[in-house]
Structure formats: structure tokens, C-alpha cells
Amino acid sequence: MGAMSFQVVVLAGGGGLSKELFPLVTKDLPKALLPVGNRPLISYLVELLEASYIKDLLVVVASEEAATLVENFISSAFYDRLRVEVVSVPEELETADVLRKISHRLTADDFLVVSGDLMSDIPVGAVAALHRRKDAAVTALLCGRPNLKSSEGSTGASSKDKTKQPVSDIIGLDSSQEHLLFLASSGNVGKELKVRRSLLRIAGNMEIRTDLVDAHLYAFKRVIVQEVLDSRPGIKCIKRDLVPYLIRWQLGLGATPAPASAVSDEGSDPPRAGSVENGAPAVSISGDEVSSLLQRVCSIDPSPFKCCAYVASPGKYCARVNTLQAYGEVNRAIADEMISLTQYEVSSHNNVVHETAVMGSKTTVGPHCMVGEGSQMGDKCKIKRSVVGRHCRIGSNVTIVNSVVMNYVTIDDNCSIQSSVVCSNAHLQERSSLKDCQVGASYVVGANQEYREEALAKKEKSSS
Amino acid sequence: MAAEKVYHNKGGAIHVDIACDVDLVRLALSLTSLPVLDLIKRTKKLMADVVLSVTVPHTLPLNEQICYHLATAGIGPALNKLNDRSHASGPEEYLGQAVLLADSFAQQFRPITDERPKVLLPLVNVPMIDYTLEWLASAGVEEVFVFCCAHAKQVTSHLEHSRWTSQSNFTVTPIESRDCVSAGDALRVIDQRGVVRGDFILISGDTVSNMSLKEVLKEHQERRKKDKLAVMTMVYRRCKPHPLIYQTRLGSEQLLLVVDPSTKQLLHYDSMKEAGGRESTKQQTLARQVVLERSLLADRPAVQLCSDVQDCYIDICSPEVLLLFTDNFDYQHLRRDFVRGLLSDEILGNKIHTYEIIGDYAARIDNLRAYDVVSKDIIHRWTYPMVPDIRFASPETGIKIGRSNIYKEDGLVLAPTTIIGPSTVVGSGTSISDNTIIRNSVIGRGCTIGSNVVIEGSHIWNNVTICDNVQIRHAVVCDGVNLKARAIIQPGVVLSFKVVIGEDFTVPAYSKISLVLQRHEEENSDEELEYAEAASGVAGSAPSPLYDGMNGSQADDGEETPQSPRWDPLQVGLGGAGCKWSTGQDDEWRHSVAPIPPEKIKEIVAREEEAELEDAARDMTTSSRKDNVEEQPDDDDDEDADEEDDSLFFDKEVEALFSRAVTGESSAENVVLEVDGLKLAYDRSFSDCAGAMFRALLNLAAQGPQTTSRELVQNTKQVLLQWGPLLRRFLKHQDDEMEVLLVFEEVCTEDRKEYAPVFASVLQELYDKDVISEEAIIAWASEKQHGDESDKIFVKQCERFIQWLQEASEEDDEGGEEA
């Protein structure tokens, strides 16, 4: 409710350029519309925002074609509920450049920037409220790192991805856990971590956390951000440049990120923990000048900048669909513990099978599975921990484990799909076998073919 | 016992165990009606050829155990004392030992400490060591080993006359050693003595605290049970984060602890002092940055960086700590060497943990500012029960506490017009005359203070004579000082024992004046050594030649100091006595008792802000530079530049070495050694050395008289003939030879283009002189095969030569096969 005057910028990505999600995302299927649990990815975010009474959205999509697709979807799905404006920007722009580009559209005092691939149940309104309450320049949403225990069985994750360092952030918070003192993604930090002493000196105490991730949801104070973006053309990326810049700047002005404590401790706290110091002012009282200087130094002009962090309470779900591995995991989670995000009705078998789906004899769909509208399955199929889209035609004796099968996919008899993603309109011919593969849209996997850890896509599609 | 004896005779046992069970001992006693020692003696007599194992019953109080220990030691050499450690460190009966270092191995309190050890300096009229001992006694420590080094005699005699000797369940054992120069040495001595049997508390004699040790000991011991490597627990206390407050507080440098918040393990210990003070800009920026190993974060969800802490120098140590000191004989300083060493040592994996005290007080007095601050804390009763009105150290006269922390000891003579301001302590036997004002100060016992005197924020010790109209602000005035009328003592001044300040004289701020002459020749030696030497010089019975001229100037002699004509009236005024010590430091203000002058604070603030701006500017340049090099970690650019610098420097150095060999200043043998040294220093490989060497060689050849390329080749040939073998010594491997060729190419295209046309000829020369093998040349050529056209210029030039080589080698191969 307090978020009413917030504008929200959703960075929905584009189509095709995202290397991380190749070959899933194409010109015809922008990232925002990637099916997750048989629903377009962006719908989750829009619903999350809606739950916080945020109805004014500015969805930024890279490339015009993709923008049209996204707009079509949103206007058909949410036309009666939300005011959504879809804007297209050139594909190669980095996030901060995108903000510059749309800067003229921002009018509210504060605005939220959120990555369109966020899947979460954290109330966005709480972040906005904290931002307002603290009068912060930026407030970042942080949440606990999803434990990676399930990574081995995850869909579509090839071992290449697993050898990559897990995406993690290095985040510095002060003792109140509310002020952001450091933010870097671990990929941008070398062997050594450098922390400014001045920062420590002012904050006194800083906890460097690696068990938190930046959810890529930021609340910004418009005036400050616009000014910074205008004066600092070097800032290209929100996370890599803009937020660290603001963090630095809040200290550059010599202000204390923990001003409350600095002021009150100088005064007359009741004696407790560290308050032995309170005996000390007697020492420095000798000159009024000294104490006034001390006062000045300790509490000076409240900085216009304050960088805050909203740390989501543990147990909240937060994931970003920005890698193949994450895509697989999110689909698995959506069909499992996060089913509540989808608002589907769960059957007694603990799965979601559309009423129009047809299944042959002895075909089993295990728990934590989804089968979309109008999909047909032959006899003796086995589906485990997988999401099958709409109108798929699946032959007999097909095994689908730990995988995502999108819409209109044809799978012939005796195929086996493990830990893979099969995009729409793909065709798997008889006895083909996939493990840790991604099959692009409309790709045909020949009969008796066996693939492992491969991304299969039509040439002309992947060339973008 | 009797039974055992029988068994021994029968079975010929080689060990006889006198049981550690009290009952058994009692039984033995009742059986034999002999004292235990006698028992042992008799047994020994009976079984002279047998090694006796005597376990001192640890159920006895510790001091008795020690007695037995010592006594049994005297019985015979073949007697093996065993004090079963595993039994002795049981939780109930063993509350703890402490090692108290009655020497700070530092010199912040000079010149006072030249005459009296720091631990005996009065802190609110009580020697510092008594605060420490009182705290240990009340915290349940049973046995304290007081390690004395400088002024050992004074410390031991103080202990002998103190009440600690007569207190039950608390023993204070002095350990003397003269030749220790650091805390590390002290601990090594203690290890040698073998008196420490379990976990112990390591503190220095200048610690004032009222913290309870029970909990930290318990934590330490429980951790030890789980993890044998958790050898030490360090106590720290929170304080305010701002630098100004640090300095106004204890004058210590800013400290940074990195702690794992879940296990409390210490991961990094960093004090600003060591990082700062270097010149190059890189170092300066480093000084403004804390560099943490990324690996610290590797398997931890979080680490805590605390800069708002103060190290109390109270450590709970396991016996292993002593062993570590013995093993690493270069450990001197507890923090700088030991803690750092332990943290960086990954092989042994010893761990240090931390303990934060909450609510309790603990502080170490390691400089004059800390002295001042702690004094005030005592007066303000933060250290309760160690406060002036509770006479813990010695049964003394009563003391009355008035409002706003005014303490007046009995036996004061105060003129009615005297004004005693807040936060002031006045000792007994002191008389104060009319219209004198005293505020925020500590006045010792037996002082005589005239009229119209102003004393503010100062520490006046015992038996000080202050004449009329003297003004003292924020100064330390030691025992027996005589301030003549109208003298003015400015802030930050230290007047050591028995100094006399003449009439109307003004002692300028931050002066230190002592009757002991400063010894300048020691100025350059190690700081830790300095104090010890100076100290033992004074403590020694025979005064060193330096003191001959001023006989009796030592505090111990107790004589009135004769007026010496040698005192400079410019330093102490007419009729004064004492000489000024120069410290050679301009940051006296940092550690003096005087409050930091406002202009200094302004300076600090300004410097801070400047640094801040600089940093911001630098950050901006790097981040704008980042546009070009996307996704690069922040400071990569800097490092690259550095590396380039380094390699340039390395090349230069090698060339310099080489030219020395050429001019005959150095032998080839030496050059090899020195280049090897450089290689290690710059962390280079042999191929780097070879490359640099070759570069030098080419430069040398090109310097010779040459007009045509033929002459250049001739020169090079000459040089190669002479120095080729030297170069050869760095070519350990084919890769090194390749490197030489690559360097050669680089030289031809960049520094010395004159070589370009003669590349092939020189290459042939290199081959002929056995500097470069044919394999290397062929490998080089084949590597270039796939390069750009521009890369292949030189390969092309040598095409024929290479072809010839290849054919030759093929022939060789064939020949080999045929054979």
C-alpha cells in the first residue's frame, strides 16, 4: 500500500541474445515468456507485484519483436487488472543504460527495478516500505542462497554448468543488517577481497555474507539515480556499477551508515555493553571545540545517500531463471514445494495433470509433475519430476525424468529423456535418448540417436 | 606401599607408583606414619636402582603440589616426577594458572620506566600490577607466574611485600629472567621451566579488568575438547568505531579483526599501524584497504569484520602455545608474530578464537593515553570492584568518596579555600594550601602543594612538592618531583622521578624530562631490545659508566639528588634538575595524557576526507576504465601495470648484473648466483632469466662499433663466443630456448631494429655456439607456422636454415632407425 507511488521497472530481457539460456530462448520465445510450470515466466513476477498492490508496470524488453510478443501476452492475461506499459530497447544495452533510456518515463519519487526472471514469494511491498522508511537511496532485496543440494539431479544442467562456480554474491552488511556496505558478485571478485578501511571505520562492524544473494530487485530514489546516471556515463550495469557506486558514495560524503547509533552513543546511553566509553567524554570535554568537532565528525550532516538492504526472512523462496541450471531447478521447485506460486490445484497424487490430458494404460505420472492441457501419452510411459507442456504427443514406453518438455512436442515411442529441456514443436523420433541435453524449438532428433550434454538447435535459429 | 614394595621385590617392577588418590596416600601415611616425602625417600633408598614415578596428588591445593614438586626434585636424579596432566586438568579441582608478563617489552613509558618497571607505576595511587593480580585472584585463578625481566628486583620485592604472598588459594610465583627482550622470549623461558600444566591465562601486568574468567575459560575448554587445534582464545571488547574516539580512548592503533560469527574463530588480525606509513601510492591505497583472502569466505556463510573492537591482551592459552613459541624461536611479539604466524600457518592448522566481553571492563595500559583513560575509568568506577575506595591491594587508611567522584583519603591536610573539583583522588598525607584548584586529577600520597596552584587532568604521584602558583595541565608528575614557584607545566609533559623544575620556568608541551640521561646510541636498535637493555642497565647493581657523573640519580638509592651543574637551565629552568628526552617523533600528541589538540583533530578529519575523495576519484577512474575491459575485477588493471613494471625492472637488473660481468667487476659465477637470486626475488622462471640475459647480450653487442650489418653479426658472434656459455646456464629446457628466440624477435621488432636484417645469421650463430638447440629452433618455427603473417617474418628469413635443420634431424632419425 505504501508502494502505491512506486513505479516499477521490470527488466524482462529479450529474445535470443541470452547465451545462458540458449537454446531455450529464441526470437519467437523471449525470455519473459519462457514457460515455467507451464506458465510464462513473467506472469509470476507480475502476480508477485500485484500482491503488493503494485499495478503500474513498465516492462522493458530488449528488441521490438520480443516486446510485441510480451505485450500481447500481458495485455491478454492482465488487461483488466494492471496498467502495464511495454517498452522496447536495443538488445545490447546493459541494465544501467536501459535505465538511462527510460529515465524520462520515471516520475515517481521512488522506483523499483526488478529483473523479469525473478521467481519469489517475498512481499515486494515490504522492500518498498523499508526503502521509504529509511529514506534510502537504494534498497536491495537479499535472500538466502537456495541450497544447491538438488543440483545434481537438476533439469538440463550439463556438467559444464556444474563446474562453473555457483552464482553467489558477496554482500557486506552492518550490524543492524539493514545497511548495505558491500556488494559484488563473486565472479567480479578476484582472489582477494578488498574492503575499504574508511568504510569499516565508519560502520565499525561489517558482516560479509556469502549465504545471501542479491535478488536483483532494487528500490531507488529517482532523483539520486537520475543524477548519478547523468553525471557518470561510465556506469553501465546496475549491479556491477550503479549500486556499488552508491554504496561508495554514501561513505564518500563522510556520513555514517549507522547514524542512529553514532549519535545516541555519544550522548548518554544507559551503561551497558560498550558504553564504558561513556565515562570517557570527561576526557575530551576539556575544550568545547574538541567535543563539538567530535560531534561534527560523528554525526555530521545526514547524507542524502543511504544504502539499505532488505534481507528476506529465511524460508522465503527466491530464484532467478538466468541459467539453464536455474531453469531446471525452478521448474522442479514449481512442481514441488513452490506449487503455491502457480495457483494450480494439486491432485491427490501430488501432481498437476490437466483434465484434458490423455494417458494410455500403465502410464504413470509421478508426484511433483505437471502435464499441460491436451497432451496425450501412450502406454507404459513413465514421467517423474518433470513438467510436460500443452498439446504434446507422447508415444508409448517413453520415460521422462527430471525434465521440462514444452508445448506441442512430439515424442515417439521408446524415447528416454533425462535431465533435459525439450522446447516447443521439437520432435523426438523413435528410441532417441537424451541426457542432460537441451533441444531447441522445432528441432528434430533422429531415431535411435543418443545425446549427452548437448545443446541441439536448428542452425538458423541459433545464429541470432 | 608396603605391599607394593613386596611386589617390587618379587616381580622386579621398574616403576612404583605412589597413587594420586588422597585416600591412598592417607592410607600409606597411616601405614608407615611417615610423611609423604619421607616415604618417597625411603622408597628411593630401598630401590635405588629403580626409576620411581611419583605422582603428586593433584587433589592437593596447587601451591602444595608445587611444594611436593620441588621437594621431590631434590631427592635424586633418578627420580622421575610425573604429574599426570590428564588428571590434573579435570574441571573441578583446577581453576587455572595465569602467566603475567610484568614487562611490556615496549618503551612507551620511557623515561619513567628507566627507573621503575611499568607494572609498579601507580594507577590511581595503586601499582598497576595489583589491579591485575586482584582481578586474577577474584576471578578464581589459583596460581600466577609473574614473569619479571626489566627491574626484576623491584617487581619481586614488591610481590614479597604485598598481601598476595599471604593469601590462601592464590600463589604468586615470580620468574626472573634477565635476557629476555620480548614476550616471545618470556614465554620460551616459561616453557623451559615447565610450570604450566594446563590451559592458562596470559596477560601483561598492566591490565585492568573486572571480567569474569569462568565463562571464557569454559568456552575455551569446551572448544578444546572438540578441537585440539583451538589453542588460544583472545578477549576483545567493543568500542566506538570512529578513529578520533579510538585515539582519545586508548591511543592504540585501529584494529581489525575478522571473525567467523558462528564459531568465533579469528581469521584475520590486522592493526592499521603496520599497514600504514609507507610511501608508494600503491601501499597507501593498500593502507586504506583491507585485503582479505577470498579463501576466508570459501566455506563460510559469513565473516564478521570488526573494527570497533579493542584487543584486551587477555589470552586464554593452551599449553601448546608455549610449545609453539619454543618451536618458532623468531616469534617475539604476541600479536605481530604469534597471532599472525598462527593465522597464516595452514600446515599445523592451529586456531585462535575470540571472546567478546560484554558489560565487563578490560583494558590494557600500553601508552600514556591509555594510562590517563583507564585512570579516569577507575575514578568513574567502571572497573568496580577495583575502585579507589575499595582497598584491595594493601590494607590502607580509609578513603571517603564524595559527590561527583571526589575521593579523599584520610590524613589529608586541606586548606579551607582549596577547591577540589570533580573526578579527583587525593592521597593521604598530602597537604594542600590556600586557593589551590584541583580538577580531574589524581594526587598521590605525601605531596605538598602550595597555594594558588592549578592542577587539571594530571597525574601527580607520591611525595611531590609543588610550590605556590604552579600550573599543571594534563601532565604526569612522578614521585619526588619538585616544582618551584610559578612553574608552568604544559599539556602532555612527563616529569620523571625527582626532577626539579626551576622557578618561573615553563615546560613546553609534550616534553619528557628525566634525571636519567637518554642514550642515543640505542636509537636505531629494535624497539623491543631497547627497553630491555635500558632496563637491565638500570636494574643491574653496578651503575653503568654513563651514570657515574650523576651518582645517586637512581630511584633505588633514595638519596636526595645533588644539584648538578650539568643540567641545562634552558630545559628545566634555573635550579632545576633533569634533562629533556627527545623522542624523535612528531606524533607525541597521539599517546600523551593530554587531550588531542583541536587542530590535530581537524588535521585527521581533513586527511580522512581527502583520502576519501582520492579513493572515490580513483574508483571512478577504474570503473570508467572498466568500460573497455568489461567484467574485469576491480583492480586488475593496477596489478597488470605493476607486473609490467616488475618485468621491466627485472630485465634492467639482469642487464646491470650482466654488464658488471662484462666490465670484469663480477665473475660469471657470481652473475649466475645473483641472477638466481633475482629470479627468486621477482618470482621468475629460468626462461625469464634467459630472456633478460639474452636481451642484455644483444644490447652489449649492438653497443660495439658497427656500421654495417656484417659488423653487427661479427660483434654478436664475439659476444656469443664469450658469454654464450653463461647464457647457456639458464637454458634448462627447450622452452627456455624458445623464450630466447621470442625475446630475440621482440628485440628485432622493437628495441633494436638493426638486428632485424641479420636475424638468420645471428640465429645460425646461436646454433653454432650451442646456445640454442635445433629442436628448439624447429619447435619455434612450427609454432609460428600457424601465426599471423606478421609473426612469420623471421621464420621466413630463416627458412633455409630451418629446412636444413629439419632435413638434418630427419636424417638423424633415419640413421637412428637403421642402426
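These are my notebook entries on selected local features of a predicted model.

**Entry 1: the sheet across chains A and B**

I began with the sheet and traced its strand order. I found six strands in an open sheet, ordered E10(A)-E9(A)-E12(A)-E15(B)-E12(B)-E13(B), with antiparallel pairing. I then looked up the edges: strand E10 (180-185) of chain A and strand E13 (266-271) of chain B stand there, each with a single partner strand, so one side of each is left without a neighbour in the sheet. For the twist I noted that neighbouring strands are turned by 15° against each other on average, direction ignored.

Within this sheet I examined one pair in chain A. Strand E9 (residues 169-174) and strand E12 (residues 205-209) of chain A run antiparallel and are joined by four bridges. As a register point I recorded A:Gly172, which stands opposite A:Ile208 in E12(A).

**Entry 2: helices H23 and H25 of chain B**

I next turned to a helix pair. Helix H23 (residues 709-728) and helix H25 (residues 759-768), both of chain B, have axes that come within 10 Å and cross at roughly 20°. Angles under 35 degrees count as roughly parallel, and I therefore entered H23(B) and H25(B) as roughly parallel to each other. The crossing in which H23(B) passes H25(B) is right-handed.

I listed the residues that meet. From H23(B) they are B:Val713, B:Thr716, B:Lys717 and B:Leu720, and from H25(B) they are B:Ser761, B:Val762, B:Glu765 and B:Leu766. Sorted by class, this contact of H23(B) with H25(B) has four nonpolar, two polar and two charged residues.

**Entry 3: B:Gln108 and its partners in sequence-distant segments**

I located B:Gln108 in the loop between strand E4 (97-101) and strand E5 (122-123) of chain B. Is this residue buried, partly exposed or exposed? I entered B:Gln108 as partly exposed, because its relative accessibility is 28%.

I then asked which residues B:Gln108 contacts once its neighbours within four places in sequence are left aside. The contacts are B:Asp366, B:Asn367, B:Leu368 and B:Lys512. For B:Leu368 I also looked up the C-alpha separation from B:Gln108, which is 7.2 Å, although the two residues are 260 residues apart along the chain.

**Entry 4: cis peptide bonds**

I checked two peptide bonds that precede a proline. The bond joining A:Phe22 and A:Pro23 is cis, with omega about 0°. I placed A:Pro23 in the loop between strand E1 (7-11) and strand E2 (35-36) of chain A.

In chain B, the peptide bond from B:Tyr384 to B:Pro385 is likewise cis, and its omega is near 10°. I found B:Pro385 in the loop between helix H15 (368-379) and strand E19 (399-402) of chain B.

**Entry 5: positive phi outside glycine**

Lastly I looked up two backbone angles. A:His368 is not a glycine, yet its phi is positive, about 60°. The residue lies in the loop between strand E18 (364-365) and strand E19 (370-371) of chain A. I recorded A:His368 as partly exposed because its relative accessibility is 22%, and buried means under 20%.

In chain B, I noted B:Asn435, a residue other than glycine with a positive phi near 55°. I placed B:Asn435 in the loop between strand E24 (431-432) and strand E25 (437-439) of chain B. With a relative accessible area of 41%, B:Asn435 is partly exposed.

Notes. Residues are numbered from 1 along each chain as its sequence is written. Chains are lettered from A and ligands numbered from 1 in the order in which they are written. This is a predicted model: local features need pLDDT of at least 70, side-chain atom pairs count only at pLDDT 80 or more; totals for chains, interfaces and linings use all residues. Side-chain values use heavy atoms; hydrogens and water are left out. Axes are lines fitted to C-alpha atoms, for helices over the stretch in contact, and angles run from 0 to 180 degrees between N-to-C directions. Angles under 35 degrees count as roughly parallel, over 145 as roughly antiparallel, 65 to 115 as roughly perpendicular and the rest as oblique. A crossing is left-handed if the near helix is turned anticlockwise from the far one by less than a right angle, and right-handed if clockwise. Contact means heavy atoms within 4.5 Å. Ala, Val, Leu, Ile, Met, Phe, Trp, Tyr, Cys and Pro count as nonpolar, Asp, Glu, Lys and Arg as charged, and the others, Gly among them, as polar. Buried means under 20% relative accessible area, exposed over 50%, partly exposed in between (1.4 Å probe, protein chains only). Two strands pair if DSSP finds at least two bridges between them.
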